[in-house]
Amino acid sequence: MVEQFVGKWTLVSSDNFDEYMKAVGMSFATRQMGNLAKPNLIISVADDGVVSIKAESTLKTTAIQFKLNEEFDETTADGRNAKSIFTLENGKLMQKQSWEGKTTTLEREVQDGKLTAKCIMDDVVAVRTYEKAA
């Protein structure tokens, strides 16, 4: 059921993202870059079930590949070395990242043709909204 996420998505709004980046522990300089970046997400699924998520912006491009329900090592856009696992729960693509005793959750969901990414760290919640590119 990952198919609904497949495509190219353009960031159209970002709420509370600076506070989320702060909660995760990013430096001021990294947060400034993160706030400037307007990434396009390119999501695809290979025949063998490997999901690819590529985030492209003028500042940086990052890419991860994974299979659902299989933990993997991820180097995040800000350089953290995390263990990540993706699951599909009630139509939401859930990502759990753990590093240095901390955990953050990213909930991706497609509704009304928009992809929302809810970024949760402790009691801080950021919401980033993407629209499908034509």
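**Entry 1: a starting residue**

I began with Ala 46, which counts as partly exposed at 38% relative accessibility, where buried means under 20% relative accessible area, exposed over 50%, and partly exposed in between, with a 1.4 Å probe and protein chains only. I then placed Ala 46 in the loop between strand E2 (40-45) and strand E3 (51-56); helices (H or I, at least four residues) and strands (E, at least two) are DSSP runs, numbered from the N terminus. I also looked up the separation of Ala 46 from Met 21, and found 31 Å between their C-alpha atoms, with the two positions 25 residues apart along the chain.

**Entry 2: what kind of model this is**

I noted that this is a predicted model, in which local features need pLDDT of at least 70 and side-chain atom pairs count only at pLDDT 80 or more, while totals for chains, interfaces and linings use all residues. I kept in mind that residues are numbered from 1 along each chain as its sequence is written, and that side-chain values use heavy atoms, with hydrogens and water left out.

**Entry 3: the whole protein**

I found 2 helices and 10 strands in the protein, and read their order along the sequence as β-α-α-β-β-β-β-β-β-β-β-β. The radius of gyration is 14 Å, close to the 14 Å that the globule rule gives for 134 residues, so the protein is as compact as a globular protein of that length; this radius is taken over C-alpha atoms, and the rule is 2.2 Å times the number of residues to the power 0.38. Along the principal axes, I read a span of about 40 × 35 × 25 Å for the C-alpha trace.

Of the 134 residues, 39% count as buried. Among the contacts with a separation of 6 or more, 38% come from residues 24 or more positions apart, a contact meaning heavy atoms within 4.5 Å. I noted an accessible surface of about 7500 Å², with 49% of it belonging to carbon and sulfur atoms, the areas coming from the Shrake-Rupley method with a 1.4 Å probe.

For the charges, I recorded 17 positive and 20 negative side chains, the centres of the two sets lying 4 Å apart. Here Lys and Arg count as positive and Asp and Glu as negative, with His and the chain ends not counted, and the place of a charge is taken as NZ of Lys, CZ of Arg, CG of Asp or CD of Glu.

**Entry 4: Glu 107**

I asked myself whether Glu 107 is buried or exposed. Glu 107 is buried, with a relative accessible area of 15%, and belongs to strand E8 (residues 102-111). The side chain of Glu 107 makes a polar contact of 3.4 Å with that of Lys 92; such a contact is a pair of N or O atoms within 3.5 Å, in which, within protein, one must be able to donate a hydrogen and the other to accept it, and residues adjacent in sequence count only if both atoms are side-chain atoms. Setting aside residues up to four places away in sequence, I found Glu 107 touching Lys 92, Leu 93, Met 94, Thr 116, Ala 117, Lys 118 and Ile 120.

**Entry 5: Asn 16 and Asn 69**

I looked up Asn 16 in the loop between strand E1 (7-15) and helix H1 (17-24), where its phi is near 70 degrees, a positive value in a residue other than glycine. Asn 16 is partly exposed, at a relative accessible area of 40%. Asn 69, in the loop between strand E4 (61-66) and strand E5 (72-75), has a positive phi near 65 degrees and counts as exposed at 55% relative accessibility.

**Entry 6: Phe 72**

Phe 72 sits in strand E5 and is buried, its relative accessible area being 15%. Beyond its neighbours within four places in sequence, I listed contacts of Phe 72 that include Ile 64, Phe 66, Ala 82 and Phe 86. From Phe 72 to Asn 16, I read 28 Å from C-alpha to C-alpha, at 56 residues apart in sequence.

**Entry 7: Lys 8 and Ser 44**

Which residues does Lys 8 contact, leaving aside its neighbours within four places in sequence? I found Asn 40, Leu 41, Ile 42, Glu 131, Lys 132 and Ala 133. Lys 8 lies in strand E1, and its C-alpha atom is 6.7 Å from that of Asn 40, although the two are 32 residues apart in sequence.

Ser 44, in strand E2, is partly exposed at a relative accessible area of 33%. Its C-alpha atom is separated by 7.9 Å from that of Phe 5, 39 residues away along the chain.
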